[in-house]
Amino acid sequence: MALEPQDVQRAAHLARLGLDEADADRYVDDLTRILEMVDQLQAVDTEGVAPLAHPLDATQRLRADEVTEIDQRDRFQQNAPAVENGLYLVPRVVE
């Protein structure tokens, strides 16, 4: 697939990028090399290869799901300018 500067300009427009014609000419070569590498990767035989979420066989250590802090809501709400029924009141910003 041969790229033209117009293709690069269109992609830049769709991505909402400001790109002048001199830059578009330079990016044609870069994008062409990237697409050639993608074609190379697509040519690799991956039959029988299972997809991986991570290359290492590692598991994440998780902590126990238990409460480690005491409830301090009342103390924190004493510093708030406006509180009602345990909720923080804020100015309305959307009409």
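This report walks through the helices, strands, surface patches and salt bridges of the structure above.

The model is predicted. Residue numbers start from 1 along the chain.

## Helix α1 and the loop after it

Helix α1 covers residues 5-14. Alanine 12 lies in helix α1. Is alanine 12 buried or exposed? Alanine 12 counts as buried, because its relative accessibility is 6% and buried means under 20%. Which residues does alanine 12 touch, beyond those up to four places away in sequence? They are Leu17 and Leu19.

Leucine 14 also has its place in helix α1. Its relative accessibility is 54%, so leucine 14 counts as exposed.

Two distances start from this helix. From alanine 12 to leucine 35, the C-alpha atoms are separated by 16 Å. These two residues are 23 residues apart along the chain. From leucine 14 to asparagine 79, the C-alpha separation is 48 Å. Here the two residues are 65 residues apart along the chain.

A loop runs between α1 and α2, and arginine 16 sits in it. The phi angle of arginine 16 is positive, near 60°. Arginine 16 is a residue other than glycine. With a relative accessible area of 65%, arginine 16 is exposed.

## Helix α2: charges

Helix α2 spans residues 21-42. Glutamate 21 lies in this helix. Glutamate 21 counts as exposed because its relative accessibility is 65%, and exposed means over 50%. Glutamate 21 also belongs to a negative surface patch. The other members of that patch are Asp20, Asp25 and Asp29.

How many salt bridges does the structure hold? It holds two. One joins the side chains of aspartate 23 and arginine 26, at 3.8 Å from N to O. Why are these partners about one helical turn apart? They stand three residues apart in helix α2, and that spacing separates them by about one helical turn.

The other salt bridge joins arginine 33 to aspartate 30. Their closest N and O atoms are 2.8 Å apart. Both residues lie in helix α2, again three residues apart and about one turn of the helix.

The table gives the exposure of the four partners.

| Residue | Relative accessible area | Class |
|---|---|---|
| Aspartate 23 | 26% | partly exposed |
| Arginine 26 | 47% | partly exposed |
| Aspartate 30 | 29% | partly exposed |
| Arginine 33 | 51% | exposed |

Arginine 33 has a value of 51% and is therefore exposed, since exposed means over 50%. Arginine 26, at 47%, is partly exposed.

## Helix α2: a nonpolar patch

Nonpolar side chains appear on the surface too. Which residues form the nonpolar patch? They are Tyr27, Leu31, Ile34 and Val38. Together they have about 290 Å² of accessible area.

Isoleucine 34 is one of the patch members. Its place is in helix α2. Isoleucine 34 is partly exposed, with 44% relative accessible area.

## Helix α3 and the strands

Helix α3 runs over residues 73-77. Glutamine 77 lies in this helix. Glutamine 77 has a relative accessibility of 11%, so it counts as buried. Leaving out residues up to four places away in sequence, glutamine 77 touches Val83, Gly86, Leu87 and Tyr88.

Strand β1 covers residues 83-84 and strand β2 covers residues 87-88. Asparagine 85 is in the loop between these strands. Its phi is near 55°, a positive value in a residue other than glycine. Is asparagine 85 buried or exposed? Asparagine 85 is exposed, with a relative accessible area of 73%.

Leucine 89 lies in the segment after β2. Leucine 89 is partly exposed, at 41% relative accessible area. Setting aside neighbours within four places in sequence, leucine 89 is in contact with Ala82, Val83 and Glu84.

Val83 thus appears in two contact lists. Glutamine 77 touches Val83, and leucine 89 is in contact with Val83.

Terms used. Predicted model: local features only at pLDDT ≥ 70, side-chain atom pairs only at ≥ 80, totals over all residues. Heavy atoms only, no water. Patch = residues over 30% accessible without salt bridge, like charges linked within 9 Å, V, L, I, M, F, W, Y side chains within 5 Å. Areas by Shrake-Rupley, 256 points an atom, 1.4 Å probe, with all protein chains shown as cover. Salt bridge = Lys/Arg side-chain N within 4 Å of Asp/Glu carboxyl O. Lys, Arg positive; Asp, Glu negative; His and termini not counted. Charge placed at Lys NZ, Arg CZ, Asp CG, Glu CD. Helix = DSSP H or I, 4+ residues; strand = E, 2+ residues; numbered from the N terminus. Buried < 20%, exposed > 50% of the residue type's maximum accessible area, 1.4 Å probe, protein only. Contact = heavy atoms within 4.5 Å.
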